Amino acid sequence: MKNKQTIPEQIWIFFSSVKLTVYTLVLLASTSIVGTIVLQNGNPMQYVRLYGEGTANFIFAMGLNDMYHAWWFLLLLVILCINIVVCSVERLSHTWKIIFPRQVKVNPDRFRKTKLTESFSSPEDLASMAGICEKALKRQGGKLIRKDLDKSLILYAEKGRWTRIGVYVVHASILLLLLGALIGAVFGFKANLRLDEGESADSVTAFRTKVPIKLDFAIRCDDFKVKFYDTGAPEEFRSTLTIVENGRDSLSKDILVNHPLRYKGINIFQASYGTASPDSAVFAITDNQTKEQVTHELEAGQAGPLPGGQGSFMFEGFLPHYDFKGHNLGEAFFGRITLGNEAPFTIALPTQFPTFDKMRKGRFTVVVKEFNQRYYTGLQVTKDPGVWYVYAGFILMILGCWVTFFMSHESYYIEIATSEDSRVNVTVAGVTNRNIQGMKLKLRKLAQRLKTQQFKTQRVRKG
């Protein structure tokens with residue numbers, strides 16, 4: 001009767017399964033494809049509009065709107081990490097014995113049966129040929145082992161035992177990459193910050209949760225400049241930022257797109273810009289009946305009298321993007337007109353269309369004559385404490401792949417035997433754990449070098 005496996009043994013067998021590795025990788029790859037198809041980190045209305053209410057609810061329930069931070073995606077990463085560790089530990093003892101054997105044993109039958117052999121006969125005696133082979137094999141491999149038999153001798157050398165650890169270096173690199181991703185997902189953040197010129201802030205808004213995140217310092221926008229092409233498209237926009245810590249200016253830098261400011265693990269990127277609400281504006285108000293015109297410089301919330309004292313006009317606010325019947329008319333001021341006992345009404349004044357208010361065909365027409373153009377800078381603020389683990393993982397992966405795919409454990413075997421006709425027969429053989437064709441070429445060159453060296457030795461002796 002078979003012994004019943006304990007729960008720890010069952011867990012160990014489950015996590016040491018190669019099938020688990022394959023299934024987990026397939027799930028990660030499949031869900032990553034979903035993450036590229038489904039909109040990430042959008043607002044709820046976007047999902048309802050794009051996918052419908054039922055599908056949107058499913059997306060929110062499964063966390064597909066922020067898939068790479070979803071609990072089940074992070075769980076898959078944790079399972080893959082455990083699986084890699086358990087598989088590596090289970091196979092490490094066998095590999096360790098190969099890399100660090102207590103005693104190197106030579107099995108002649110293993111090399112006599114291999115197809116990786118080169119043979120030739122030599123006119124040299126056994127002792128002379130052994131000396132030639134020893135010198136050549138020391139150059140080809142590592143420590144030389146010699147065994148003298150009755151009518152033959154065996155020479156053995158090997159190199160690259162340690163290269164079998166390359167696969168474990170790759171495993172370690174994957175663990176570092178996954179660990180970096182987990183640390184970044186749990187302890188890092190990606191946030192947005194809008195700053196008007198001259199404004200400062202010590203908290204940012206999380207891109208995913210919209211929750212404020214307190215920083216250990218404040219960010220101040222000292223200046224913002226934008227250059228435009230002749231077509232009106234922005235050529236370059238740059239923000240002059242200052243880090244304020246403990247009431248003092250610690251660092252100032254101009255940032256552009258792809259040229260961020262980095263400070264104490266926080267990365268500040270130039271992401272966008274826009275028109276900020278002006279401090280004040282000059283409004284010209286015309287009475288279309290009497291042609292009387294008055295001009296007022298007003299701040300937001302201030303009001304000025306209409307021509308003839310017929311009422312008042314109040315500057316209510318400013319929008320960088322004004323939508324009029326489905327069309328974006330750009331920057332626009334808003335004001336409220338109050339006429340006697342009539343109910344006040346709001347009018348829009350797009351800056352790109354100075355005569356826009358005339359379409360209303362009211363008694364009074366309002367035009368924006370002048371305003372101080374101000375901008376705000378849109379910043380993306382990120383923190384990823386796992387990035388150094390990711391960098392280390394990439395470096396280890398490159399090293400591990402180089403060792404795994406371009407280096408090998410090679411064993412060289414030379415048997416020198418005396419035949420019945422007193423000739424010396426030399427057999428050169430070898431085994432390797434990869435790149436068999438490369439090993440064939442090395443053995444051929446080694447055999448050719450031995451032949452050449454024996455002829456040189458003969459000429460020296462005759463001379």
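**Figure 1. A281 and its partner across the strands.** In this predicted model, A281 has F371 as its bridge partner, and F371 sits in strand 19. Zoom out a little and you see strand 11, residues 280-287, lying alongside strand 19. The two pair in the antiparallel sense, and seven bridges link them.

**Figure 2. The open sheet around strand 11.** Which strands make up this sheet, and in what order? Reading across, the order is 12-11-19, an open sheet of three strands with antiparallel pairing. Strand 12 (293-299) and strand 19 (364-371) are the edge strands, since each of them pairs on one side only. Going from one strand to the next, the twist averages 25 degrees.

**Figure 3. T242 and its surroundings.** Here we move to strand 7, which covers residues 234-245 and includes T242. Is T242 buried or exposed? T242 counts as buried, because its relative accessible area is 0%. Two polar contacts involve the T242 side chain: one of 2.4 Å to the side chain of D222, and another of 2.8 Å to the side chain of S252. Setting aside its neighbours within four places in sequence, T242 also touches other residues, among them A218, I219, R220, D249 and L251.

**Figure 4. Cysteines without a bridge.** How many disulfides turn up in a search of the whole structure? The search finds zero. Take C81 as an example: its closest cysteine sulfur belongs to C87, and at 12 Å that is too far for a bond. For a disulfide, the two sulfur atoms would have to be within 2.5 Å. C81 is buried, as its relative accessible area is just 13%, under the 20% cut-off. C133 also counts as buried, because its relative accessibility is 0%.

**Figure 5. Stepping back to the whole chain.** After all those close-ups, here is the setting they come from. The chain's secondary structure comes to 10 helices and 22 strands. Why call the chain more spread out than a compact globule? Its radius of gyration is 39 Å, well over the 23 Å that the globule rule gives for 463 residues, so the chain is more spread out than a compact globule. Along its principal axes, the C-alpha trace spans about 135 × 75 × 45 Å. Buried residues make up 39% of the chain's 463 residues. And if you look at contacts with a separation of 6 or more, 58% of them join residues 24 or more positions apart.

Notes
Residues numbered from 1 in each chain as written. Predicted model: local features only at pLDDT ≥ 70, side-chain atom pairs only at ≥ 80, totals over all residues. Heavy atoms only, no water. Buried < 20%, exposed > 50% of the residue type's maximum accessible area, 1.4 Å probe, protein only. Pairing = 2+ DSSP bridges. Helix = DSSP H or I, 4+ residues; strand = E, 2+ residues; numbered from the N terminus. Axes fitted to C-alpha atoms, helices over the stretch in contact; angles between N-to-C directions. Polar contact = N/O pair within 3.5 Å; in protein donor to acceptor, adjacent residues only side chain to side chain. Contact = heavy atoms within 4.5 Å. Rg over C-alpha atoms; globule rule 2.2 N^0.38 Å.
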